[in-house]
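Let's walk through this one by question and answer. Have a look at the rings, the cysteines and the strands as we go.

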Amino acid sequence: MRAFLAVSVLAMQPWVVPSAAHAQNAPSASPPSASSTVVPTPNFWDQGQRFAEPDLSGRARVRFLTSVDFAPFNFLDQRGRLAGFHVDLARMICEELDIAARCQIEARPFAELGDALAAGDGEAVIAGLALNADNRARFAFTHPFFRYPARFVTLNARPLDTELEAGLSGVPVGVVAGSAHEAMLAAFFPRAKAVALPTREAALEALRTERVRAVFGDGVGLSFWLSSEAAADCCTFAGGPYLSDHFLGEGLAIAVKPEDEDLRSAFDYAIGRIVASGRMSELLLRYFPVSAF
């Protein structure tokens, strides 16, 4: 079983964002002012990795396949155009590889993506195909460029720092019953008092009414909830982030056909350059203005 704390593996980059309205802009390099917010963004890329600069001059086109039902990673915007983190990342990769004029991004139902790639209807899938044994037997994947964190959410008025230092001994924590996060909480914080509830909404309502001290769940979903009207500025993240291959999977990567090693290596090269230049952090802030990390 591979389970470990994110703080031991994440390289965090603090970016200064003047306000939520400007979160989509390039981050400032100046020191934070009283009105600024420092937003941490993760770096999942091993800077020690080195990939040879690829030559894709012989390719007539590179077609990325994605879906439209995985916001904010891939979706249709108000004008009906493909948008999202994955879509912008694919465009950045094409620009980095100097093949933008030969790149295409096509949307299909998620359930059809694997078969479409295998049939040669595209050269890559960028839509969150699970990095599991079945898919690894069919496809080759880039190194993961995003991983899902688990997070605690607490009431602003009742921080959890002292309790976390003590391993949450006896602390009631809301968690969705039967979820990976319930199992992860038991493994990471065995002394916590897990309160299993049927839905995330029920767990968050238990937090608001102080029947639990915290809620443990998907950091990405909770980050959007924290900035929503439903949260009404009641709460904040505490501790973490926490990662686990065993409980949460290995994250997001691009899939290609197993024989297309040159293209997989080219994508890894491009993603490494995007991370090193800071553009990956800018992209994360564009779609996740309340950092899940």
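Buried here means under 20% relative accessible area, exposed means over 50%, and partly exposed is in between (1.4 Å probe, protein chains only). This is a predicted model, where local features need pLDDT of at least 70, side-chain atom pairs count only at pLDDT 80 or more, and totals for chains, interfaces and linings use all residues. Residues are numbered from 1 along each chain as its sequence is written, and side-chain values use heavy atoms, with hydrogens and water left out.

Q: Is Cys234 buried or exposed?
A: The cut-off for buried is under 20% relative accessible area. Cys234 has a relative accessibility of 18%, so this cysteine counts as buried.

Q: Which cysteine does a disulfide join to Cys234?
A: A disulfide is a pair of cysteine sulfur atoms within 2.5 Å. Here the S to S distance is 2.3 Å. The torsion about the S-S bond is about -90°, so the link is left-handed. The partner, buried at a relative accessible area of 10%, is Cys235.

Q: What pattern do the disulfides of the protein chain follow?
A: The structure holds two disulfides. Cys94 is joined to Cys103, S to S 1.9 Å, and Cys234 is joined to Cys235. With bonded cysteines counted along the chain, the pattern is 1-2, 3-4.

Q: What is the handedness of the link of Cys94 and Cys103?
A: Both ends are tucked away: Cys94 is buried at 4% relative accessibility, and Cys103 is buried with a relative accessible area of 18%. The angle about their S-S bond is -90°, making the link left-handed.

Q: How many aromatic pairs does a search of the whole structure find?
A: Rings of Phe, Tyr and Trp (its six-membered ring) pair if their centres lie within 6.5 Å; planes under 30 degrees apart count as stacked, over 60 as edge-to-face and the rest as tilted. Searching the whole structure on that basis gives 19.

Q: Which residue forms an aromatic pair with Phe73?
A: The two rings sit 6.4 Å centre to centre with 75° between the planes, an edge-to-face pair. Helices (H or I, at least four residues) and strands (E, at least two) are DSSP runs, numbered from the N terminus. Phe73 is in the loop between strand 5 (69-70) and strand 6 (74-76), and its partner, 75 residues apart, is in the loop between strand 10 (140-141) and strand 11 (150-155). Phe73 is buried at 2% relative accessibility, while the partly exposed partner, at 21%, is Tyr148.

Q: Where is Phe189, which pairs with Phe152?
A: Phe152 and Phe189 make an edge-to-face pair, 5.2 Å centre to centre and 75° between the planes. Phe152 belongs to strand 11, and 37 residues apart from it Phe189 lies in the loop between helix 5 (180-188) and strand 13 (193-197).

Q: Why is strand 11 largely enclosed by the rest of the structure?
A: Phe152 is in strand 11, and Phe152 is buried. The whole strand fits that picture, because its buried residues number six of the six.

Q: Which residue of strand 15 stands opposite Leu155?
A: Two strands pair if DSSP finds at least two bridges between them. Strand 11 pairs antiparallel with strand 14 (residues 214-218) over four bridges, where Val153 partners Val215. Five bridges join strand 11, again antiparallel, to strand 15 (residues 235-243). In strand 15, the residue opposite Leu155 is Cys235.
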